[in-house]
Amino acid sequence: MVTIEEKTANQTIAKLPPKSRVPRVIQTIRSIFTPVSFLKATQQKYGDIFLFESKNFSSQIVLSNVQAIQELLTADSKLFESGSGSKIIQPLVGANSLILLDGDRHLQQRKLLMPPFHGERMRAYGQLICNITNQVTSQWTVG
């Protein structure tokens, strides 16, 4: 498991990853207008895990290490509290969105979504999407 910590004589203390010394407003502008080059440059300077601080949002830890991302996405959900940190997107996704829920509520809603978005059902959706796309685009006119 990827961890960032500092060990002292008596205890282990969680340690934040390195952060840019560039002012928050500049980081925010760069992340909006040139996100890919901003992230690549920041990763090259500070490594695969770094702290991003924007002007109007809470600080975020950015992961660009494939192993770290995989461990994060496959870890036990009881280890995390993601909902409260995601409240900023509630107006976009709704209060009951899966990405805003934690614990038992998250698990319950995820189980409800899994059958429609799994295996054979997804293949059927794929065919339906292709059929609708073909039907709509066949009605387009050039020009």
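For what follows, Ala, Val, Leu, Ile, Met, Phe, Trp, Tyr, Cys and Pro count as nonpolar, Asp, Glu, Lys and Arg count as charged, and the others, Gly among them, count as polar. I will need that when I get to a pocket. One caution before the details: this is a predicted model.

I will start with the whole chain. The protein chain has six helices and four strands. Going along the sequence, their order is β-β-α-α-β-β-α-α-α-α. The chain has 143 residues, and 15% of them count as buried. Take the contacts in the chain with a separation of 6 or more: 31% of these are between residues 24 or more positions apart.

Now some individual residues. Gln27 sits in helix α1, which covers residues 24–33. Is Gln27 buried or exposed? Its relative accessibility is 2%, and the limit for buried is under 20%, so Gln27 counts as buried. What does the side chain of Gln27 reach? It reaches the backbone oxygen of Val22, at 2.9 Å. If we set aside neighbours within four places in sequence, Gln27 is in contact with Ser20, Val22, Phe38, Phe52 and Glu53.

Two names in that list, Phe38 and Phe52, lead to the next point. How many aromatic pairs are there by the rule used here? The count comes to one. That pair is Phe38 with Phe52, and its geometry is edge-to-face, with 5.5 Å from centre to centre and 70 degrees between the planes. Phe38 belongs to helix α2, residues 35–46, while Phe52 belongs to strand β3, residues 49–52, so the pair ties together parts that are 14 residues apart in sequence. Phe38 counts as buried, at 9% relative accessibility. Phe52 is buried as well, with a relative accessible area of 9%.

Staying in helix α2, we come to Thr42. Thr42 has 8% relative accessibility and counts as buried. A polar atom of the Thr42 side chain lies 2.7 Å from the backbone oxygen of Phe38. So far, then, there are two side chains to look at beside a backbone oxygen: Gln27 with Val22, and Thr42 with Phe38. Leaving out neighbours within four places in sequence, Thr42 is in contact with Gly47 and Phe50.

Next, the pocket. The second largest pocket holds about 200 Å³ of space. Which residues line the second largest pocket? They are Thr28, Ser31, Ile32, Pro35, Phe38, Leu39, Phe52, Ser54, Phe57, Gln60 and Val62. The elements that each give two or more residues to this lining are α1, α2 and β4, the last being residues 60–63. Here the opening definition comes in: by class, the lining has seven nonpolar residues, four polar residues and no charged ones. Both members of the aromatic pair, Phe38 and Phe52, are among the lining residues.

Gln60, also in the lining, has its place in strand β4. The relative accessible area of Gln60 is 37%, which makes it partly exposed. Where does Gln60 make contact, beyond neighbours within four places in sequence? Its partners are Phe50, Leu51 and Phe52. For Gln60 and Phe50, the separation is 10 residues in sequence and 8.4 Å in space, C-alpha to C-alpha.

Last, two residues in loops. Phe80 is in the loop between α3, residues 66–74, and α4, residues 90–93. Phe80 has a relative accessible area of 34% and is partly exposed. Not counting residues up to four places away in sequence, Phe80 touches Leu72, Ala75 and Asp102. Phe80 and Gly103 are 23 residues apart along the chain, and their C-alpha atoms are separated by 8.6 Å.

Ile99 is in the loop between α4 and α5, where α5 is residues 103–113. At 46% relative accessibility, Ile99 counts as partly exposed, since exposed begins over 50%. The C-alpha atoms of Ile99 and Ile89 are 9.4 Å apart, with the two positions 10 residues apart in sequence numbering.

To find your way around the model, start from Phe38. Phe38 is in contact with Gln27, pairs with Phe52, has its backbone oxygen 2.7 Å from a side-chain polar atom of Thr42, and helps line the second largest pocket.

Note on methods. Residues are numbered from 1 along each chain as its sequence is written. This is a predicted model: local features need pLDDT of at least 70, side-chain atom pairs count only at pLDDT 80 or more; totals for chains, interfaces and linings use all residues. Side-chain values use heavy atoms; hydrogens and water are left out. Buried means under 20% relative accessible area, exposed over 50%, partly exposed in between (1.4 Å probe, protein chains only). A polar contact is a pair of N or O atoms within 3.5 Å; within protein, one must be able to donate a hydrogen and the other to accept it, and residues adjacent in sequence count only if both atoms are side-chain atoms. Contact means heavy atoms within 4.5 Å. Rings of Phe, Tyr and Trp (its six-membered ring) pair if their centres lie within 6.5 Å; planes under 30 degrees apart count as stacked, over 60 as edge-to-face and the rest as tilted. On a 1 Å grid over the protein atoms alone, a cavity is a set of points where a 1.4 Å probe fits but cannot get out, and a pocket is an open set with protein on both sides within 12 Å along at least five of seven lines; lining residues have an atom within 4 Å of a point. Grid points are joined across faces, edges and corners, and a volume is the space filled by probe spheres set on the points.
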